[in-house]
Amino acid sequence: MSKKDVPAHPKPTAQVEPYFEALGLEDTLKFLEKFGGTEIYIATHPSKRSKVAEVVGYPKARMLAAVQHRLQRRVPLAKQWRASVYRSQGLTIAQIALKLGVSDVMVRNYLSDVPKPPDDPAQMTFF
């Protein structure tokens, strides 16, 4: 597998996978940020004015409806996975803590097994 084949983000957890398949990375993050930890009804035939459609758009709300049989009743918070994704996107510990609504200590715990994103090759080194 070449570097091009390696995804730029961590693999979704089993709980997150159906959302990821239907919505893609950015809309999965938006969906989890908005609905994570809540019970939500995913209609088989969503309305264009539904709360889900407001967050991810009507076409993706329909895609989510197609996999709704694989979804748990309560939307996962997936804080550890989200922290890893945000880190892979270059966010700082403080920024991640704010997005997740947790302390910087908790974010460091979430990321203890996650390698730090590579430095910008255009950035000069001190040594």
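## Two rings on one helix

Phe31 and Phe35 lie four residues apart in helix α1, so about one helical turn separates them. In this predicted model, the two side chains form a tilted aromatic pair, with 4.8 Å from centre to centre and 50° between the planes. Phe31 is buried at a relative accessible area of 0%. Phe35 also counts as buried, at 6% relative accessibility.

Searching the whole structure gives two aromatic pairs. Ring pairs join Tyr19, Phe31 and Phe35 into a cluster.

## The nonpolar core

Nonpolar side chains tend to be buried together in soluble globular proteins. Here the largest nonpolar core contains 36 residues. Phe31 is among those with the most contacts inside this core, along with Ile42, Val52, Leu64, Trp81 and Ile96. Two or more core residues come from each of α1 (17-35), α2 (51-56), α3 (58-66), α4 (79-88), α5 (93-100) and α6 (104-110). Helix α1 supplies the largest share, nine residues.

Leu64 shows some of these connections in detail. Apart from neighbours within four places in sequence, Leu64 is in contact with Tyr19, Ala22, Leu23 and Phe31, and also with Ile42, Val52 and Leu71.

## Lysines over tyrosine rings

Two lysines have their charged ends placed over tyrosine rings. The charged end of Lys48 is 5.3 Å from the centre of the Tyr58 ring and sits over that ring. For Lys99, the charged end sits over the ring of Tyr86, 5.2 Å from the ring centre.

Conventions
Residues numbered from 1 in each chain as written. Predicted model: local features only at pLDDT ≥ 70, side-chain atom pairs only at ≥ 80, totals over all residues. Heavy atoms only, no water. Core = buried A, V, L, I, M, F, W, Y, C linked by side-chain atoms within 4.5 Å. Buried < 20%, exposed > 50% of the residue type's maximum accessible area, 1.4 Å probe, protein only. Contact = heavy atoms within 4.5 Å. Phe/Tyr/Trp six-rings, centres within 6.5 Å; stacked < 30°, edge-to-face > 60°. Lys NZ or Arg CZ within 6 Å of the ring centre and 35° of its normal.
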